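Trainee: Could you take me closely through one helix and what surrounds it, and then through the rest of the same chain? I would like each term explained as it comes up.

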Amino acid sequence: MFGGAFGATDGKAREHTISVLVENRPGVLSRVAGMFSRRGFNIDSIVVGAAEEPGFSRMTIVLVGDERELEQVQKQLHKLIEVIKVSELDPAEMVERELALIKVAADRTNRAEIVQIVDIFRASIVDVSPHTVIVEVTGDVKKVEAMVDLLRPFGIKEIVRTGRVGVLRGPKSSGVHGDRRRGLQAVGG
Amino acid sequence: MAVSAVDFGAAAAKRKAEQPAQAPARRREPRRMLGAQALVEALKAEGVEYIFGHPGGAVLHLYDALYDSGLKTVLCRHEQGAAHMADGYARATGRPGVCLATSGPGATNLVTGLATAFMDSIPVVAITGNVPRALIGRDAFQEADITGITLPVTKHNFLVRSARELPRVIRAAFHIATTGRPGPVLVDIPKDVGVEELDFDYPETVDLPGYKPTYKGHIRQIMAAAKAIAEARRPLLYVGGGAIASGAHEEVRAIAEKCDLPVAMTLMGLGAFPGNHPQSLGMLGMHGTAYANYAIQNCDVLIAVGARFDDRVTGALDTFAPRVEQIIHIDIDPAEIGKNVIAHVPIVGDCRTVLSALIEKVPEKKHPEWWAQIDEWRREYPLQYRPGDTEVKPQAVCEAIYEVTGGEAIVATDVGQHQMWAAQYYKVHGPRQFVTSGGLGTMGFGLPAGIGAKLARPDKEVFVVSGDGSFQMNIQELATAAEHNVAVKVAVLNNGYLGMVRQWQEFFYQRRYSDSRMWSPDFVTIAQGYGIKAMRVTEPGDVRAALEEARAHDGPVVIDFQVAREENCFPMVPAGGSNSDMLGPKGWIE
């Protein structure tokens, strides 16, 4: 019954999105980022912004790892004094969004074609110059990447992406007032 | 509301009650004072006795406030010494040790000491000065980003941005350092904060909404552990430093005796169970006893108490404890559970609290067959060395220290072969008596840690067991010992080598002794230069007499034991090997 239980990972690495509520103090981002680098975990994307209460921020972190790595990440995050709450966002139960600003080469000859693509994606053009347009697209990662792929033939000059943010659907919340230690109960009991 | 000030949990409050030197409960009217005075008042409120440190430009205000404060300052000769003294003080007492250094190099010199304390979960509060606030970030003279530098080697750290924050920050620093899994906390104070005025009012509570250690184990898991122990045929108690940190030594003994459990200890766990108890198997792991390692490799139920399955304990993980059916893992840090091995019965909680609950649930048991097997291993593979006729054997010195002190002295060690021999042959009887850098393996730790321990426990004899390599890494602290007449007895096991490096080179690098052979000065003359009594021992017959003479002397003593030069430390599990495969004095065991 014990074969392979030690040290090994279960091998099923997949993408995980975790939401981390932190006290908004100087240095908290470097504490979180430092923990990842020190322990050899990889961050695919990290986004920080103000949370619903003053004095708190929420980070959305996307990482790739198996269940054991995910558990270690959550526990190690919890050890940071300024981390209030860590929760994994189940992909089936969350809304995830990313925003991208894409500066595309465009002139009179192809601007209309770009506008058409933008309309289909319900994206928008937020700036026009004689030789470029800036496209703003919001959506899940697939949508943003599809948009980028379609615009590439026109000549992309610059892409700026926010990274991904996520929130649970419905009444469940990983909020300041929610159930604080949800991520750790599996261990305690 | 979730974000309001958090009162101490009941368990934390209980722990505080057991640690007399803590904050007062009485509320006073705020008093107007300077930041530096506020720091002094806060340290007094925390019951601080000693401050180990070294002054410099950025802490002049703080040192001025300390001058007539009544707090005892110990001037170290290097800030690393200060950090290790604070650490040794904490290890010997369980109370937080405090060190103080100036900005820049003063602060960076603390880093090794903080990392040492961090790896071994020792409560240390380090206070550093920094350049004035207006100069921060401008590469000012003696500026270093010490909060950034110490981020990965402290449990937490603070940069104080105004004098107003000081009482709250110091309160929080001591709280964080001493509760949950203890650890070092650094507080960085810009110079001008020391002369900024504030209304001092020391808080009774801390406001740390994200910090709530779990003390009480989950009852369902405790029941599962009790069942596993009750059904065990070959149980083993594996005890680490967490048992000492939580003060669980009595509970460890109680459960071991009630359930007839053999007890193996990690280096950090030595003293959590009496080394002379018939159920003690001594230390396990790389240089553990053969019988402890065989017990690990053959047990069916492994009960880990405040231990973290370190690589020096487990050897190669895929060969560790191959016959185990149930691992019970008790630790206050949830992140330790499942980090290296998967526990079948994980229990997050304070070792003492959990064991007290567990003892009630387990039936009395005897394991005659299991003990018969262990006793056979003990007879077949005892801890042994060949006594020297003409040479002083380093193991014999450790054994003699044990015999003359009756195992009741505090022994502080450095790192290397002598450390392992001390761990093997000084069968420490009680907790907080074996002061050693386990996790980080910091050479230069022993002397300053021994000084800290002796100041903390003047009632106890303190021996420092060191080597010629380690001793020279913080030898300057002999001045501190001499100045304060701190009666540490330093036994230098001098073999003219960096012995453990040489041993590895002998086994794994075809005896190519690359920079492990080491010239040393005459330690007797050096010690005498510091005004310290010193002796040299070259004959096996003189060991005891020298130790007795050192014990009788009221003050520090250095004994230069000129020991066998190429002695090896056995048993030995080669790094990355299996605990079943140990090297002994006559080659592979079995």
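**A helix and its chain**

Mentor: The buried residues of α12(B) pack against β9 (235-239), β10 (263-265), β11 (280-283) and α15 (368-380) of chain B, where two residues are in contact if their C-beta atoms, placed from the backbone, lie within 7 Å. This is a predicted model, in which local features need pLDDT of at least 70 and side-chain atom pairs count only at pLDDT 80 or more, while totals for chains, interfaces and linings use all residues. Residues are numbered from 1 along each chain as its sequence is written, and chains are lettered from A and ligands numbered from 1 in the order in which they are written.

Helix α12 of chain B covers residues 290-298, and seven of its nine residues are buried (20 or more other C-beta atoms within 10 Å of a residue's own; 12 or fewer is exposed, and in between is partly exposed). The buried residues are Ala290(B), Tyr291(B), Ala292(B), Asn293(B), Tyr294(B), Ala295(B) and Ile296(B). The element names follow DSSP runs numbered from the N terminus, with at least four residues (H or I) for a helix and at least two (E) for a strand.

Another pair of helices in this chain is α9 (residues 219-231) and α14 (residues 351-361), which pack at an angle of about 55° with their axes 9 Å apart; axes are lines fitted to C-alpha atoms, for helices over the stretch in contact, and angles run from 0 to 180 degrees between N-to-C directions. That angle makes α9(B) oblique to α14(B), a word for what is left after under 35 degrees (roughly parallel), over 145 (roughly antiparallel) and 65 to 115 (roughly perpendicular). The contact is made by Ile222(B), Met223(B), Ala225(B) and Ala226(B) of α9(B) with Val354(B), Ala357(B), Leu358(B) and Lys361(B) of α14(B).

Chain B also holds an open sheet of six strands, in the order β3-β2-β4-β5-β7-β6 and with parallel pairing, two strands being paired if DSSP finds at least two bridges between them. β3 (72-75) and β6 of chain B stand at the edges with a single partner strand each, so one side of each is left without a neighbour in the sheet. On average, and with direction ignored, neighbouring strands of this sheet are turned by 20° against each other.

At the β3(B) edge, four bridges join β3(B) to strand β2 (residues 50-53) of chain B, and the bridge partner of Ile51(B) in β3(B) is Thr73(B). Helix α4 (residues 79-93) of chain B packs on the sheet, where it touches β2, β3, β4 (97-101) and β5 (124-130) of chain B, and its direction makes about 170° with that of β4(B).

At the other edge, four bridges join β6(B) to strand β7 (residues 185-190) of chain B, the two running parallel, and Asn157(B) has Leu186(B) as its bridge partner in β7(B). Both faces of β6(B) (residues 156-159) are covered, since His156(B) and Phe158(B) on one side and Asn157(B) and Leu159(B) on the other are all buried.

After β7(B), the loop between β7 and β8 (197-200) of chain B holds Val195(B), which is partly exposed, with 16 other C-beta atoms within 10 Å. The C-alpha atoms of Val195(B) and Gly35(B) are separated by 5.5 Å, although these residues are 160 residues apart along the chain. Leaving aside its neighbours within four places in sequence, Val195(B) is in contact with Leu34(B), Gly35(B), Ala36(B) and His61(B).
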